[in-house]
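Grab a coffee and open your viewer. Below are some short exercises, each with a solution worked out step by step.

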Amino acid sequence: MAISNGMKAEEYYKLIGEKNVEGIKKYLDHDVEFYSTLATLKGKEAVVGATGNFMNAIASLKIRAKFDSRDQAMIIYDVDFPGMASNFPGASLLTFRNSLIVRIELFHDASHFKKEF
């Protein structure tokens, strides 16, 4: 029995919560695209680098829910950013092709990260 995209997405985010940069690489397509309110990235190396920076910035990541349908999966999670926000909610829509993540689209309120001038 094949592993569902929802299970792959959940495993990917568990590895992020565990701060396992090497582990996430096996889930990403070489040409993966990443979209958020803070950045747009293309390519596995860029996405792994940014995700590694994210891992270094968080204290924890807790998955609240997952949903999947055909070639997509949605992960809902809470993140603790030391000194900035606890239980910061986020959602990630992941698109799969040939069992690998080809697109990651993040949804969150980025106002927590804006600098006040």
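**Exercise 1. The loop between strand 5 and strand 6**

Find where S99 lies, then work out whether S99 is buried, partly exposed or exposed.

Solution. Start with the position: S99 sits in the loop that links strand 5 and strand 6. Next, take its relative accessibility, which is 45%. Partly exposed covers the range between 20% and 50%, so S99 counts as partly exposed. For a distance check, pick V48, which is 51 residues away along the chain: the C-alpha atoms of S99 and V48 are separated by 18 Å.

Now do the backbone. What is the sign of phi at S99? It's positive, about 70°, even though S99 is not a glycine. Worth a second look, because most residues other than glycine have a negative phi.

N98 belongs to the loop between strand 5 and strand 6 as well. Its phi is near 55°, again a positive value in a residue other than glycine. On accessibility, N98 comes out at 69%, so N98 counts as exposed.

**Exercise 2. How far to trust the model**

Before going further, look up the confidence of this predicted model, for the chain and by element.

Solution. First the chain: its mean pLDDT is 91, and 92% of its residues reach 70 or more. Then the elements: strand 1 has the highest confidence, at 98, while strand 5 has the lowest, at a mean of 91.

**Exercise 3. The nonpolar core**

Which residues touch the most other members of the largest nonpolar core, and which elements feed it?

Solution. Step one: the core holds 28 residues, and those touching the most other members are Y12, Y13, L28, V47, L94, I101 and I104. Step two: two or more residues each come from helix 1 (5-17), strand 1 (28-35), helix 3 (44-57), strand 4 (72-81), strand 5 (85-97) and strand 6 (100-107). Step three: zoom in on I101. Skipping residues up to four places away in sequence, I101 touches Y12, Y27, L28, D29, V32, L94, T95 and F96.

**Exercise 4. Packing of two helices**

Work out how helix 1 and helix 3 are arranged, and what kinds of residues make up their contact.

Solution. Take the geometry: the two axes, of helix 1 and helix 3, come within 9 Å and cross at roughly 50°. Roughly parallel would need an angle under 35 degrees, and roughly perpendicular starts at 65. That leaves helix 1 oblique to helix 3. Then list who meets whom: from helix 1 it's Y12, L15 and I16, and from helix 3 it's V47, T51, F54 and M55. Sorting the residues of this contact gives 6 nonpolar, 1 polar and no charged.

**Exercise 5. A lysine in helix 1**

Is K8 buried or exposed, and what does K8 touch?

Solution. K8 is found in helix 1. Its relative accessible area is 12%, and the cut-off for buried is under 20%, so K8 is buried. Leaving out residues up to four places away in sequence, K8 touches I3, Y27, F96 and S99. For contrast, try L41, 33 residues along the chain from K8: their C-alpha atoms are separated by 21 Å.

**Exercise 6. Two partly exposed residues**

Place D68 and M84, and find out what D68 is in contact with.

Solution. D68 lies in strand 3 (residues 60-69). At 40% relative accessibility, D68 counts as partly exposed. Ignoring neighbours within four places in sequence, D68 is in contact with S4, N5, G6 and A73. The C-alpha atoms of D68 and M7 are separated by 8.6 Å, with their positions 61 residues apart along the chain.

M84 is in the loop between strand 4 and strand 5. Its relative accessibility is 48%, so M84 counts as partly exposed. Its C-alpha atom is 9.8 Å from that of I58, 26 residues apart along the chain.

Note on methods
Residues are numbered from 1 along each chain as its sequence is written. This is a predicted model: local features need pLDDT of at least 70, side-chain atom pairs count only at pLDDT 80 or more; totals for chains, interfaces and linings use all residues. Side-chain values use heavy atoms; hydrogens and water are left out. A nonpolar core is a set of buried Ala, Val, Leu, Ile, Met, Phe, Trp, Tyr and Cys residues joined through side-chain atoms within 4.5 Å. Buried means under 20% relative accessible area, exposed over 50%, partly exposed in between (1.4 Å probe, protein chains only). Helices (H or I, at least four residues) and strands (E, at least two) are DSSP runs, numbered from the N terminus. Contact means heavy atoms within 4.5 Å. pLDDT is the predictor's confidence in each residue, from 0 to 100. Axes are lines fitted to C-alpha atoms, for helices over the stretch in contact, and angles run from 0 to 180 degrees between N-to-C directions. Angles under 35 degrees count as roughly parallel, over 145 as roughly antiparallel, 65 to 115 as roughly perpendicular and the rest as oblique. Ala, Val, Leu, Ile, Met, Phe, Trp, Tyr, Cys and Pro count as nonpolar, Asp, Glu, Lys and Arg as charged, and the others, Gly among them, as polar.
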